[in-house]
Amino acid sequence: MRAFLAALEATGQVTTIAQPVTADFEIAACLAELDAGPALRFEHVSGHKMPVVGNLLNSLPRFAMGLGTTQSELQGVIIGAIEAPSTHRVLTSASCQEEVVADPDLIGEMPIPRFFEHERGPYITAGVIVAKDRHTGQTNLSIARLMPLGRNRAFVGIAPNHHLAVLARQAHTRGETLDIAVCIGNHPAVLVASCLYLGLGDDELKVAGALLGEPLDVIRCVGSDLLVPAHCECVLEGTLDAGERIEEGPVSEFHGLYENYGAGIAATFKRLTRRHGAMFQVVLPGYHPEHCLLGGVAIAAGLARAARASVPAVREVAVGMGGAGRLHAVVSLHEPRPGDA
């Protein structure tokens with residue numbers, strides 16, 4: 001993330017906010033005010049030493065820049081990475097483990113913003129979650145929202161059909177919890193890979209390496225066998241318990257309204273590892289470009305890949321802000337046959 005942030009800064013695409021802001025609503029207000037503008041770096045969040053960065057991937061040119069390509073080639077690069085994943089490079093030491101905090105107080109250690117007034121609490125919104133089934137070896141990389149519940153526990157919002165939820169239920173049927181690691185402050189390649197819809201057990205981390213154009217550096221967690229991106233800012237190591245159901249209450253969604261999804265499941269974190277001088281990355285939820293496009297760019301690439309299997313004339317698929325990155329697709333065809341549309 002730091003390399004991408006430096007590249008944005010070198011091209012005048014970062015605004016630094018030096019005056020103090022609060023984690024409750026003020027970070028969200030600034031991000032919303034400039035949601036299609038520069039990336040924002042908040043240097044002084046009241047009560048915290050850790051700066052906050054957001055609005056990093058709020059336009060298609062930023063996605064292309066982050067993946068080292070052009071906007072016109074972006075979809076092809078993602079599809080190519082899905083079809084030719086890259087094996088990790090496992091390190092023996094990494095910057096994301098420069099500091100270790102046992103039994104972390106989530107709210108005390110990290111400047112987690114509260115975004116909207118009717119939500120029950122603050123949310124980690126840019127947490128990329130690594131999970132692995134101990135018995136089958138099936139792995140998963142995905143993004144889910146986390147709402148702290150007090151000290152080292154958090155609510156995790158996962159759709160029932162998502163692979164992380166499937167792995168958690170598999171563990172629960174065996175009377176076990178699922179090892180997870182929540183990685184915050186990631187390179188765009190890791191964020192995009194975490195939003196892809198692949199097969200159960202397909203390792204999205206290997207796709208992230210392919211998006212980088214080189215093997216992704218990973219490190220084994222301090223307390224588990226999970227491999228996490230070695231150069232992320234923070235890692236929360238813990239477990240997910242599908243047997244502990246917790247009501248979430250209203251939560252902001254991609255369409256700009258609140259949703260009430262009912263009960264989610266609980267995570268407990270045993271330790272926090274982080275870089276010296278770690279930065280906390282956020283994605284502004286709701287109907288805002290970074291939230292919508294993270295899903296939309298990944299979904300569009302998957303749709304294009306699937307559609308071409310039936311209709312070779314498919315040239316490109318766009319899933320953009322008009323449908324909030326989820327609700328409609330625009331498909332372009334190249335020299336179609338009659339009936340292809």
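**Salt bridges, sheets and cysteines in a predicted model**

R134 and D179 are joined by a salt bridge whose closest nitrogen and oxygen atoms lie 3.2 Å apart. R134 belongs to the loop between β6 (128–132) and β7 (139–143), whereas D179 sits in strand β10 (residues 178–184), so this pair ties together parts that are 45 residues apart in sequence. The structure is a predicted model, and every value given here is to be read in that light. The two partners differ in their surroundings: R134 is partly exposed, with a relative accessible area of 48%, while D179 counts as buried at 18% relative accessibility. The cut-off matters for D179, because a residue is called buried when its relative accessible area is under 20%.

The salt bridge between R134 and D179 belongs to a larger set, since the count for the structure comes to 18 salt bridges. Another member of this set brings together the side chains of E233 and R275, with an N to O distance of 3.9 Å. That pair is accepted because the criterion asks for a nitrogen within 4 Å of a carboxyl oxygen. E233 is placed in the loop between β12 (227–229) and β13 (234–247), and R275 in the loop between β16 (263–274) and β17 (280–281); the contact therefore ties together parts that are 42 residues apart in sequence. Both partners are buried: E233 has a relative accessible area of 0%, and R275 has a relative accessibility of 15%. The contact also extends to a further residue, as R2, E233 and R275 are linked in a network of salt bridges.

The strands β13 and β16 are themselves connected by a charged pair. E237 forms a salt bridge with R271, and the closest N and O atoms are 3.1 Å apart. Because E237 lies in strand β13 and R271 in strand β16, this bridge ties together parts that are 34 residues apart in sequence. E237 is buried, with a relative accessible area of 3%.

The backbone offers a second point of interest. Which residues have a positive phi although they are not glycine? One of them is F25, with a phi of about 75°. F25 is found in the loop between β1 (14–17) and α2 (26–33), and at 33% relative accessibility it counts as partly exposed. Another is N55, whose phi is about 60°. N55 is located in the loop between β3 (52–54) and α3 (60–66). In contrast to the partly exposed F25, N55 is buried, with a relative accessible area of 2%.

The strands β1 and β3, which border these two loops, also take part in a sheet. This open sheet of four strands has the order β1-β2-β3-β17, and its pairing is mixed. At the edges stand β1 and β17, each with a single partner strand, so one side of each is left without a neighbour in the sheet. Within the sheet, β1 pairs with strand β2 (residues 39–42) in the parallel sense over four bridges. T15 has L40 in β2 as its bridge partner.

A further open sheet consists of three strands in the order β4-β11-β12, again with mixed pairing. Its edge strands are β4 (89–91) and β12, each of which pairs on one side only. On average, neighbouring strands of this sheet are turned by 45° against each other, direction ignored. The pairing of β4 with strand β11 (residues 217–220) is parallel and runs over three bridges. At the level of single residues, V90 stands opposite V218 in β11.

The cysteines remain to be considered. How many disulfides does the structure hold? The number is zero, and the sulfur distances show why for two residues. The sulfur of C195 is 12 Å from the closest cysteine sulfur, which belongs to C292, and this is too far for a bond. For C221 the closest cysteine sulfur is in C183, at 6.8 Å, which is also too far for a bond. A disulfide would require the two sulfur atoms to lie within 2.5 Å. Both C195 and C221 are buried: the relative accessible area is 16% for C195 and 6% for C221.

Notes
Residues numbered from 1 in each chain as written. Predicted model: local features only at pLDDT ≥ 70, side-chain atom pairs only at ≥ 80, totals over all residues. Heavy atoms only, no water. Buried < 20%, exposed > 50% of the residue type's maximum accessible area, 1.4 Å probe, protein only. Pairing = 2+ DSSP bridges. Axes fitted to C-alpha atoms, helices over the stretch in contact; angles between N-to-C directions.
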